[in-house]
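Subject: Structure handover and notes

Hello,

Please find below the structure I said I would pass on. My notes follow it, grouped by topic so that you can read them next to the model.

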Amino acid sequence: MAIYNPKSLKAEEFINDEEIQATLAYAEANKNNVELIDRILAKARPQKTATGCVCAGLTHREASVLLACEIPEKIEEIYKIAEEIKLAFYGNRIVMFAPLYLSNYCVNGCLYCPYHLKNKHIARKKLTQEEVRAEVIALQDMGHKRLAIEAGEDPKNNPIEYILECINTIYSVHHKNGDIRRVNVNIAATTVENYRKLKEAGIGTYILFQETYHKKSYLELHPTGPKHDYDYHTEAMDRAMEGGIDDVGLGVLFGLELYKYEFAGLIMHAEHLEAVHGVGPHTISVPRVKRADDIDPDTFDGGIDDDTFAKITACIRLAVPYTGMIISTRESEAVRAKLLRLGISQISGGSRTSVGGYTEEERPHDTEQFDVSDQRTLDEVVRWLMKTDHIPSFCTACYREGRTGDRFMSLCKSGQILNCCHPNALMTLTEYLEDYASEETKKIGYAMIERELERIPKEKVREIARQHIADIRNSNRRDFRF
Ligand code: SAM
């Protein structure tokens, strides 16, 4: 039997079923243990330092106790601390991105995904480089600077060379004042050699959702195709890091399995990356399984309501305070509004989940991966964010300035975020307002920028940011960054 070891490179040892079962039992036994819960909450709270603020984070056992806790006042406290952590490290900035679907050809048999091989009635499509270019122009014309590319797994139709060619094309398109400055990649688990090639192509984060950490369920949910190999999939982030990618994004597809199991597995995975590579995940995504062509989400065991979803998000925020958290348009405006406060730092906007969807006038459904709940335009999402006192940020500075992996974490801890990320958010928001926003959005945006400039602590930085913002407004100069 496999023995739990966070430093092991073997999936069954770092995501260890026995340890998860023991964690769930411990959490259940202590879910009303107020003394322990208070100790855990005290550990999670941000602590002021001479230069900024630090957070201790929580172990998977501690975080699982909080997730199991059913005492209303304690749950309120979890939410309050999640908000404090969010504000301490991410402020009111929300980073914007859009997914770009390259190909829905897939050889896997994933039971929850409409792209599965046996789905014979879904239209199959793979973008040509000309079509990639057209999609990128459409995305740039919306105002996007950061994309997450998505593709099914198909070594013949979507080999790594195709993905690399697409990345190259994306970075090469400069339409009017637009450019895509960061391409994150969400493709199937692959080899160290291929991860190295992705790194060389200049990708930002490599994202791979675990789907479920429960091995038996995983094997049933992925009955055929290369994705069936649980160990290969679970060990992918270690290969990505070996290939030189130090920003990796984890995620669970909530709804497939019991959420407490998934939560413990997710935090253990983060602990494993920290233990082996000295840096935790750059992001964690919290997708929920959605209705799609040939897919009925009610057939799975683990459906969760919106309150449980909020609690999971807040507990992740407490456990891994320096990790960015992403929510997509799978979720409605109301759910997104609630989760933004509890720790989400990145959202997609104006998304289309079909291959070639951005160049169509009407939202196409024939090649779509899942139903999009939040169907607002990017301009509407940006305006809504600002009206709810969030700064939409189109910043891509960190990775372009080499602040990846643990260097990003150091920035977080140094207290320099208000002198760095904050002005970067305001400058990239100005680009958006100037080049793409509606008049109404512009008005709200410029008023917000004036207010928010005052929050930059260093006078020198504030002055430079103000000057750059004036340059953006009065000329075609773009892409300033700290
Ligand atoms: N094909 C790649 C893989 O296997 O990892 C990644 C790309 S896939 C387009 C991105 C993610 O969409 C999957 O990892 C899965 O979690 C999610 N997904 C699939 N079907 C879904 C559904 N019905 N509802 C919501 N999300 C879904």
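Is Val248 buried or exposed? Val248 is buried, because its relative accessible area is 0%, and the cut-off for buried is under 20%. Please keep in mind that this is a predicted model; every value in this email is computed from it.

To stay with that residue for a moment: Val248 belongs to strand S7, which covers residues 248-251. His282 is 34 residues away from Val248 along the chain, and the C-alpha atoms of the two are separated by 5.4 Å.

The ligand

The ligand sits in the largest cavity. There are 18 residues around the ligand, and the ones that come nearest are Tyr112, Ala151, Glu211, Lys227 and Lys290. Sorted by class, this shell consists of 9 nonpolar, 3 polar and 6 charged residues.

Which groups lie at polar distance from ligand atoms? Three pairs are on my list. A polar backbone atom of Tyr112 is 2.9 Å from a nitrogen atom of the ligand. In the side chain of Glu211, an N or O atom is 2.5 Å from an oxygen atom of the ligand. In the side chain of Arg330, an N or O atom is 3.0 Å from a nitrogen atom of the ligand. Taken alone, the ligand exposes 580 Å², and the protein buries 97% of that.

Two residues with positive phi

Most residues other than glycine have a negative phi. Glu211, named above for its ligand contact, has a positive phi of about 70° although it is not a glycine. Where does Glu211 lie in the chain? Glu211 is in the loop that runs between strand S6 (206-207) and helix H9 (215-221). Glu211 counts as buried because its relative accessible area is 8%, and buried means under 20%.

Asp294 also is not a glycine and has a positive phi, of about 75°. Asp294 is placed in the loop between strand S8 (283-285) and helix H13 (306-319). With a relative accessible area of 47%, Asp294 is partly exposed, whereas Glu211 is buried.

Polar contacts within the protein

Two buried residues come up here, Asn419 and Gln369.

Asn419 lies in helix H18, residues 417-435. Its relative accessible area is 9%, so Asn419 falls under the 20% cut-off and is buried. What lies 3.0 Å from a polar atom of the side chain of Asn419? The backbone nitrogen of Lys458 does.

Gln369 is found in the loop between strand S10 (346-348) and helix H15 (378-387). Gln369 has a relative accessible area of 18% and is therefore buried, the limit being under 20%. The side chain of Gln369 makes a polar contact of 2.7 Å with the side chain of Tyr101.

Distances along the chain and in space

The remaining notes set separation in sequence against separation in space, C-alpha to C-alpha.

Ile3 lies in the segment before helix H1 (11-14). The relative accessibility of Ile3 is 65%, so Ile3 counts as exposed, the cut-off being over 50%. Glu19 is 16 residues from Ile3 along the chain, and their C-alpha atoms are separated by 8.4 Å.

Glu83 is in helix H5, residues 72-90, and at 27% relative accessibility Glu83 counts as partly exposed. How many residues apart in sequence are Glu83 and Leu339? They are 256 residues apart in sequence and 9.8 Å apart in space.

Cys398 belongs to helix H16, residues 397-400. At 14% relative accessibility, Cys398 counts as buried. Cys398 and Pro297 are 101 residues apart in sequence, and in space they are 37 Å apart.

If you open the model with one place in mind, you could begin at Glu211, which is among the residues that come nearest to the ligand, has a positive phi and is buried.

Regards

Definitions and conventions: Residues are numbered from 1 along each chain as its sequence is written. This is a predicted model: local features need pLDDT of at least 70, side-chain atom pairs count only at pLDDT 80 or more; totals for chains, interfaces and linings use all residues. Side-chain values use heavy atoms; hydrogens and water are left out. A residue is near a molecule or strand if one of its heavy atoms lies within 4 Å of it. A polar contact is a pair of N or O atoms within 3.5 Å; within protein, one must be able to donate a hydrogen and the other to accept it, and residues adjacent in sequence count only if both atoms are side-chain atoms. Accessible areas come from the Shrake-Rupley method with a 1.4 Å probe; for residues, only the protein chains shown count as cover. On a 1 Å grid over the protein atoms alone, a cavity is a set of points where a 1.4 Å probe fits but cannot get out, and a pocket is an open set with protein on both sides within 12 Å along at least five of seven lines; lining residues have an atom within 4 Å of a point. A molecule sits in a cavity or pocket if more than half of its atoms lie within 2 Å of its grid points. Ala, Val, Leu, Ile, Met, Phe, Trp, Tyr, Cys and Pro count as nonpolar, Asp, Glu, Lys and Arg as charged, and the others, Gly among them, as polar. Helices (H or I, at least four residues) and strands (E, at least two) are DSSP runs, numbered from the N terminus. Buried means under 20% relative accessible area, exposed over 50%, partly exposed in between (1.4 Å probe, protein chains only).
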